[in-house]
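Open the model in your viewer and keep the selection panel at hand. The stops below go from one selection to the next.

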Amino acid sequence: MDAHKEIDTRGLNCPLPILKAKKALAEMTSGEILKVIATDPGSARDFQAFARQTGNDLVQQDTVGEEFVHYLRRR
């Protein structure tokens, strides 16, 4: 999936991946896609909750080896 912006949160634990994603989304325009790469196993659940709470759309989640990749569409 193509993303307009990508952030690398590998090695960071909750809540840092969410906080960095929130900051990145604030700098984006509506409809743009943010790709977040994380290594925190809890990030899948965290990003699902984050999307519900903020109204951003969690478009896709993938697990690639020990990395978790999340795609969010800016509301």
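For the accessibility labels on this tour, a residue is buried under 20% relative accessible area, exposed over 50% and partly exposed in between. The model is a predicted one.

**Stop 1: arginine 10 and aspartate 8**

Select arginine 10, which is partly exposed because its relative accessibility is 39%. Add aspartate 8, also in the partly exposed class with a relative accessible area of 44%. The two form a salt bridge, and their closest N and O atoms are 2.9 Å apart. A search of the whole structure gives six salt bridges, and further examples come up later.

**Stop 2: helix H1**

Now select residues 16–26, helix H1. Which residues of H1 are buried? They are Pro17, Ile18, Ala21, Ala24 and Leu25. Look down the axis of H1: these buried residues fall within an arc of 125 degrees, so they line one face of the helix. On the face turned away from the buried side, look for the exposed residues Lys22, Lys23 and Ala26.

Next, show what covers the buried residues of H1; the cover includes strand E1 (5–9), E2, H2 and E4.

Stay in helix H1 and pick alanine 24. Its relative accessibility is 4%, so alanine 24 counts as buried. Leaving aside neighbours within four places in sequence, alanine 24 is in contact with Lys5, Ile7 and Leu34. For lysine 5, draw a C-alpha to C-alpha distance from alanine 24: it is 8.1 Å, for two residues 19 apart in sequence.

**Stop 3: the largest nonpolar core**

Select Ile7, Ile18, Ala21, Ala24, Leu25, Met28, Leu34, Val36, Phe47, Phe50, Ala51 and Leu72 together; these 12 residues are the largest nonpolar core. Two or more residues of this core come from each of helix H1 (16–26), strand E2 (33–38) and helix H2 (43–54). H1 contributes the most, with four residues. In soluble globular proteins, nonpolar side chains tend to be buried together.

Centre the view on leucine 72. Which residues does leucine 72 touch, not counting those up to four places away in sequence? The list is Ala21, Leu25, Glu32, Ile33, Leu34, Val36, Phe47, Phe50, Ala51, Asp57, Leu58 and Val59.

**Stop 4: the aromatic pair**

Keep phenylalanine 47 and phenylalanine 50 from the core selection; both are buried. The structure has one aromatic pair. The ring centres of phenylalanine 47 and phenylalanine 50 are 6.3 Å apart and the planes stand at 80 degrees, so the pair is edge-to-face. The two residues are separated by about one helical turn because they are three residues apart in helix H2.

**Stop 5: asparagine 56**

Move to the loop between H2 and E3 and select asparagine 56. Is asparagine 56 buried or exposed? With 8% relative accessibility, asparagine 56 counts as buried.

Turn on polar contacts for this residue. The side chain of asparagine 56 makes a polar contact of 2.9 Å with the side chain of threonine 54. The asparagine 56 side chain also reaches the backbone nitrogen of arginine 75, at 2.9 Å. Beyond its neighbours within four places in sequence, asparagine 56 is in contact with Leu25, Phe50, Ala51, Arg73, Arg74 and Arg75.

**Stop 6: two more salt bridges**

From that contact list, take arginine 73 and add aspartate 57. They form a salt bridge, with the closest N and O atoms 3.1 Å apart. The pair links distant parts of the chain: arginine 73 belongs to strand E4 (residues 67–73) and aspartate 57 to strand E3 (residues 57–64), 16 residues apart. Arginine 73, at 33% relative accessibility, counts as partly exposed. Aspartate 57 is partly exposed as well, with a relative accessible area of 37%.

For the last selection, go back to lysine 23 and add glutamate 27. Their salt bridge has its closest N and O atoms 3.5 Å apart. Here both partners, lysine 23 and glutamate 27, are exposed.

Technical notes
Residues numbered from 1 in each chain as written. Predicted model: local features only at pLDDT ≥ 70, side-chain atom pairs only at ≥ 80, totals over all residues. Heavy atoms only, no water. Core = buried A, V, L, I, M, F, W, Y, C linked by side-chain atoms within 4.5 Å. Buried < 20%, exposed > 50% of the residue type's maximum accessible area, 1.4 Å probe, protein only. Contact = heavy atoms within 4.5 Å. Salt bridge = Lys/Arg side-chain N within 4 Å of Asp/Glu carboxyl O. Phe/Tyr/Trp six-rings, centres within 6.5 Å; stacked < 30°, edge-to-face > 60°. Arc of directions from axis to C-beta. Polar contact = N/O pair within 3.5 Å; in protein donor to acceptor, adjacent residues only side chain to side chain.
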